[in-house]
Amino acid sequence: MTTADQRPMRADARRNYKRLLDEAKVAFLEHGADAPLEDIARRAEVGIGTLYRHFPTRLALQAAVYQDQVDDLCATAYELLETERSGNALAAWMRAFAEYATSRRGLMQTLKEVIDVRSDLFVRCHDEIRGAAGTVLAEAQRAGTVRPEVTVEDLLRLTHGLSVATQSAPETADRLISYLLDGLRPPH
C-alpha cells in the first residue's frame with residue numbers, strides 16, 4: 001500500500017488505514033453515508049488527524065470503502081471457486097453479492113450523486129465485479145449446473161434485482177436465490 005506520493009506506508013499506518021476502512025464500513029452501514037467522521041476515528045482508535053491524513057475528504061473515505069467492498073466481493077468469488085463445487089460456488093457468490101448490494105445501497109447512492117458513474121472508480125469496480133461474476137458463472141456452466149446461454153449481465157441483473165427486492169425482507173433472500181438458481185439450471 002502506498003500513499004499519494006507513492007511512498008510505502010509504515011506498518012502502523014497500514015494498520016490504521018485498515019482499521020479506519022473497517023470501522024467506516026460498519027458506520028456507513030449503521031448510520032448511512034453521513035456517519036460522523038469523528039465517530040469513525042474514535043471507533044478505529046485513532047485521532048481525527050490520522051483519518052484526514054489517509055482520507056482528506058469524506059468522499060475519499062467513501063470511495064475507499066466502496067473500492068474495498070468491491071475487492072472483498074471479488075476475492076470471495078475466487079476463494080469460493082477454490083473451496084466449493086462450481087454450482088455451490090455460484091450460489092454462495094450470489095448470496096454474497098446480494099448481501100454486498102444491500103449493505104452498500106446508501107453509500108452507493110451518495111457516491112453516484114457526487115461522482116460521475118463513468119469515473120475511473122465506477123468503471124474499474126464494475127469491471128472487477130463483472131470479471132469475478134463471469135469466472136464463477138463460467139465454472140458453473142462448464143460443470144453443467146447453469147444454462148450455457150446465461151450471460152454475466154443476466155446473472156448480475158438477476159442477483160441485483162433480487163437484492164433490491166429483499167431489502168426490506170433480507171430473511172427471504174436465501175429462499176429466493178434458490179428459486180433463481182432453479183431457473184438458471186439447464187432443462188433436463
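## A tour from the core outward

Start with the largest nonpolar core, which has 60 residues. Select I40, L61, Y66, W93 and I129, the residues with the most contacts inside it. This is a predicted model.

Now colour the helices that give two or more residues to this core. They are helix 1 (11–31), helix 2 (37–43), helix 4 (58–83), helix 5 (86–103), helix 6 (105–114), helix 7 (120–142), helix 8 (152–165) and helix 9 (173–184). Pause on helix 4: it gives the most, with ten residues.

Next, select Y66 and show its surroundings. Leaving aside neighbours within four places in sequence, which residues is Y66 in contact with? Expect Y100, R104, L107, M108, L111, L121, F122 and C125.

Stay with C125 and add C74. The disulfide count is zero. The sulfur of C125 is the nearest cysteine sulfur to that of C74, at 8.1 Å. A disulfide here requires sulfur atoms within 2.5 Å, and C74 is in no disulfide. Nor is C125. Are these cysteines buried or exposed? C74 is buried, with a relative accessible area of 7%. C125 is buried too, at 0%.

Finish with the annotated spans. Select residues 14–73, which an unreviewed UniProt entry annotates as "domain: HTH tetR-type". The chain there is 80% helix and 0% strand. Its end C-alpha atoms are 21 Å apart.

Then narrow the selection to residues 36–55. The unreviewed UniProt entry places the feature "DNA-binding region" here. This span is 70% helix and 0% strand, and its end C-alpha atoms lie 14 Å apart.

Conventions:
Residues are numbered from 1 along each chain as its sequence is written. This is a predicted model: local features need pLDDT of at least 70, side-chain atom pairs count only at pLDDT 80 or more; totals for chains, interfaces and linings use all residues. Side-chain values use heavy atoms; hydrogens and water are left out. UniProt positions are given in the numbering used here, feature names are shortened, and annotations may be inferred rather than shown by experiment. Helices (H or I, at least four residues) and strands (E, at least two) are DSSP runs, numbered from the N terminus. A nonpolar core is a set of buried Ala, Val, Leu, Ile, Met, Phe, Trp, Tyr and Cys residues joined through side-chain atoms within 4.5 Å. Buried means under 20% relative accessible area, exposed over 50%, partly exposed in between (1.4 Å probe, protein chains only). Contact means heavy atoms within 4.5 Å.
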